[in-house]
Amino acid sequence: MSELSYLRLMQETDLHWVLQVEQQSYDFPWSQKGFENSLDQGVNYIFCSAEHEMMGYACVLTVLDEAQLLNFCIAPAFRKSGIGRAALQQLMDKLKQAGYEQLLLEVRESNLPAQKLYLGCGFQTDGVRRNYYRCQEWREQTGELVEGKEDALLMSRSL
Ligand SMILES: CC(C)(COP(=O)(O)OP(=O)(O)OC[C@H]1O[C@@H](n2cnc3c(N)ncnc32)[C@H](O)[C@@H]1OP(=O)(O)O)[C@@H](O)C(=O)NCCC(=O)NCCS
């Protein structure tokens, strides 16, 4: 199994791969425009193996000494083998070196794998944003997918 080796800045030429992984990973994926805005306004990384294979990505927005993790994703083929934890650690080291003091994020209440990762990497839960996300629910009785709302947990970690 490949291991994470390094992170590098995301480029526009990465977006084809990034969008594919994004679609496989979220019920409400970011659009191409969303990533283009993030490339204009934020700091975005690709996580790579020693063989330069792309394993995941992160999109970060920075304000003064705070960094906000807007998107963090590991490609399905590489999950559950410690890549997410290693990637988050490398990202935090990079942000710390760049002088950022705090890393903030929001995560869906239902996203237990991500919460486990963040708590394991030293994040604390600071609060809840009620009904922050759109979500999809399967209604057994009617056999249809309906849209609802879901809370966001606000988490942070000092760098
Ligand atoms: C969340 C995500 C980044 C985790 O990446 P990963 O490479 O699988 O994570 P790791 O293998 O490093 O595991 C980190 C921790 O999370 C736990 N974990 C990971 N996937 C899990 C799962 N499906 N169920 C339960 N726990 C899980 C691991 O057990 C590990 O905890 P431990 O160290 O206490 O054992 C990945 O599942 C993903 O990209 N999901 C889709 C996008 C997403 O939800 N991003 C977060 C948005 S806020």
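# Notebook: a seven-strand sheet and its ligand shell

I started with one pair: V43 has V60 in β3 as its bridge partner. Before going on I noted that the model is predicted, that local features need pLDDT of at least 70, that side-chain atom pairs count only at pLDDT 80 or more, and that totals for chains, interfaces and linings use all residues. I also noted that residues are numbered from 1 along each chain as its sequence is written.

**Entry: the hairpins**

I looked up where V43 and V60 belong. Strand β2 (residues 43-49) and strand β3 (residues 54-63) pair in the antiparallel sense over six bridges. For my own reference, two strands pair if DSSP finds at least two bridges between them. Strands are DSSP runs of E with at least two residues, helices are runs of H or I with at least four, and both are numbered from the N terminus.

I then found further partners between β2 and β3: N44 stands opposite C59, and F47 has G56 as its bridge partner. Four residues lie between the strands of this hairpin, and H52 takes a positive phi near 70 degrees there.

Next I followed β3 onward. β3 and strand β4 (residues 66-74) run antiparallel and are joined by eight bridges. Y57 stands opposite C73 in β4. The hairpin of β3 and β4 has two residues between the strands, and L64 takes a positive phi near 50 degrees in it.

On the other side of β2 I checked β1. β1 and β2 are antiparallel, with five bridges, and Y6 stands opposite C48 in β2.

**Entry: the whole sheet**

In what order do the strands of the open sheet lie? I read β1-β2-β3-β4-β5-β7-β6, seven strands with mixed pairing. β1 (4-9) and β6 (124-139) are the edge strands, each pairing on one side only. From one strand to the next the twist averages 25 degrees.

I looked at which helices meet the sheet. α3 packs on the sheet and touches β1, β2, β3, β4 and β5 (102-108), and its direction makes about 45 degrees with that of β1. Touching here is contact, with C-beta atoms, placed from the backbone, within 7 Å. Angles run from 0 to 180 degrees between N-to-C directions, and axes are lines fitted to C-alpha atoms, for helices over the stretch in contact. α4 lies across β5 and β7 (144-158), running at about 160 degrees to β5.

**Entry: the ligand**

How many residues surround the ligand? I found 19, and the closest are R79, G84, R85, P113 and A114. Near means that the C-beta atom, placed from the backbone, lies within 6 Å. β4, α3 (83-97) and α4 (112-120) are the elements that give two or more residues to this shell. α4 supplies the largest share, six residues.

I sorted the shell by type too: nine residues are nonpolar, six polar and four charged. Ala, Val, Leu, Ile, Met, Phe, Trp, Tyr, Cys and Pro count as nonpolar, Asp, Glu, Lys and Arg as charged, and the others, Gly among them, as polar.

**Entry: R129**

I picked R129, which lies in strand β6. Is R129 buried or exposed? R129 is exposed, because 12 other C-beta atoms lie within 10 Å. The cut-offs are 20 or more such atoms for buried, 12 or fewer for exposed, and partly exposed in between, with C-beta atoms placed from the backbone. Leaving out residues up to four places away in sequence, R129 touches E106, D151, A152 and L154. The C-alpha atoms of R129 and E150 are separated by 9.0 Å, with their places 21 residues apart along the chain.

**Entry: the chain overall**

I stepped back to the protein chain, which has four helices and seven strands. From the N terminus on, its elements run β-α-α-β-β-β-α-β-α-β-β. Along its principal axes the C-alpha trace spans about 50 × 35 × 30 Å.

The radius of gyration is 16 Å, which agrees with a compact globule, because 159 residues would then give a value near 15 Å.

Methods
Rg over C-alpha atoms; globule rule 2.2 N^0.38 Å. Contact = placed C-beta atoms within 7 Å.
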